[in-house]
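Here is a short set of exercises to work through at your own pace. Try each task before reading its solution.

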Amino acid sequence: PLQPLHFLLADDPGAGKTIMSGLYIRELMLRGDLERCLIVAPGSLVEQWQEELDLKFNLHFDVLSRDMVESARTGNPFQERNLLIARLDQLSRSPELQAKLAVSDWDLVIFDEAHKLSAHLYGEEVKRTLRFELAEQVRDHTRNLLLLTATPHNGSNDDFLLFLSILDPDRFTGRLRGGKKLPDVNDLMRRYVKESLLTFDGKRLFRERKATTVNYDLSPEEE
């Protein structure tokens, strides 16, 4: 029901965050609400994203490359390509690419492994990483924003609120003080753990993990 959608999908690994993203992209396209989509992922995952979206959803994304940047007719590949996948550090470490990105607008931007977009509170000072600053910049140039990570909380409520400020700075910025009660985030975050995932038949999707400790004696050779 969120329009536009700024959302954190924090399901466990293997729960299908990529599939959920593909379904969402397809749904927006069918509604006529999406023409331009940018996916930002760690470098090791961009080809996987491209392949899965192509095979499972018939969505043909290009992967941003140095050759693409150099051969862009307008000099700006972000304006020329409607469906694009980019490497997180390629963007966060390049002021030149960020300047090109800053003049392009998107219907949807997805950040995979979004916990890498980190910022930390030291006393009264907020230390933002280059990745975090990239996310803040991109947020202002997209209608819908989707963050994907299986590990949204690193143990620090202050860091978690900073992370959520990527989705809604008005709501979460300025509340970053230790000791305060964590606000309810159920309206913009969903997390399913593997133990809760069921098939359409109501059976567990993942088998129950049972761990036992087995005692044994070392042989003389092993000792």
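The exercises below go from the whole chain to the sheet, then to single residues and a pocket.

This is a predicted model, in which local features need pLDDT of at least 70 and side-chain atom pairs count only at pLDDT 80 or more, while totals for chains, interfaces and linings use all residues. Residues are numbered from 1 along each chain as its sequence is written, and side-chain values use heavy atoms, with hydrogens and water left out.

**Exercise 1: the chain as a whole**

Task: Describe the helices and strands, the extent and the burial of the chain.

Solution:
- Step 1. Begin with the DSSP runs, where helices are H or I of at least four residues and strands are E of at least two, numbered from the N terminus. The chain has nine helices and nine strands.
- Step 2. Along the principal axes, the C-alpha atoms fill a box of roughly 70 × 45 × 45 Å.
- Step 3. Sort residues by relative accessible area with a 1.4 Å probe on protein chains only: buried is under 20%, exposed is over 50%, and partly exposed lies in between. Of the 223 residues in the chain, 42% are buried.
- Step 4. Take a contact as heavy atoms within 4.5 Å. Among contacts in the chain with a separation of 6 or more, 68% are between residues 24 or more positions apart.

**Exercise 2: the sheet**

Task: Which order do the seven strands of the open sheet have, and what stands at its edges?

Solution:
- Step 1. Two strands pair if DSSP finds at least two bridges between them. The order is β3-β4-β2-β5-β8-β1-β9, with parallel pairing.
- Step 2. The edges are β3 (62-63) and β9 (189-190); each has a single partner strand, so one side of each is left without a neighbour in the sheet.
- Step 3. Move to β2 (residues 37-41), which is joined to the parallel strand β4 (residues 83-87) by five bridges. Strand β2 also pairs with β5 in the parallel sense, over four bridges.
- Step 4. V40 shows both pairings: A86 stands opposite V40 in β4, and F111 is the bridge partner of V40 in β5.
- Step 5. Check the burial of β2: five of its five residues are buried. C37, I39 and A41 are on one side, with L38 and V40 on the other, so both faces are covered.- Step 6. Continue to β5 (residues 106-111) and β8 (residues 142-148), which are parallel and share five bridges. Here W106 stands opposite T142 in β8.

**Exercise 3: two helices**

Task: Where does helix α7 lie, and how many residues of helix α8 are buried?

Solution:
- Step 1. For angles, axes are lines fitted to C-alpha atoms, for helices over the stretch in contact, and values run from 0 to 180 degrees between N-to-C directions. Helix α7 (residues 130-139) lies across β1 (6-9), β5 and β8, and runs at about 160° to β5.
- Step 2. In α8 (residues 157-164), seven of the eight residues are buried, so this helix is largely enclosed by the rest of the structure. The buried residues are D158, D159, F160, L161, L162, F163 and L164.

**Exercise 4: three residues**

Task: For H6, T18 and V46, find the element, the burial and the contacts beyond four places in sequence.

Solution:
- Step 1. H6 is in strand β1 and counts as buried at 18% relative accessibility. H6 touches R139, T142, R143, N144, L145, L167 and L188. Its C-alpha atom is separated by 9.9 Å from that of D187, 181 residues apart along the chain.
- Step 2. T18 belongs to helix α1 (residues 17-31) and is buried, with a relative accessible area of 19%. W49 and E52 are the contacts of T18.
- Step 3. V46 is in helix α2 (residues 46-57), buried at a relative accessible area of 0%. V46 is in contact with A41, V63, I85, A86 and R87. From V46 to D112 the C-alpha distance is 9.6 Å, at 66 residues apart in sequence.

**Exercise 5: the largest pocket**

Task: How much space lies in the largest pocket, and which residues line it?

Solution:
- Step 1. On a 1 Å grid over the protein atoms alone, a pocket is an open set of points with protein on both sides within 12 Å along at least five of seven lines, tested with a 1.4 Å probe; lining residues have an atom within 4 Å of a point. The volume is the space filled by probe spheres set on the points, which are joined across faces, edges and corners. The largest pocket holds about 380 Å³.
- Step 2. The lining has 15 residues, and P1, L5, F7, M20 and Y24 lie nearest the centre.
- Step 3. Helix α1 gives the most to this lining, with six residues; β1 and α1 each supply at least two.
- Step 4. Count Ala, Val, Leu, Ile, Met, Phe, Trp, Tyr, Cys and Pro as nonpolar, Asp, Glu, Lys and Arg as charged, and the others, Gly among them, as polar. The lining then divides into nine nonpolar, two polar and four charged residues.
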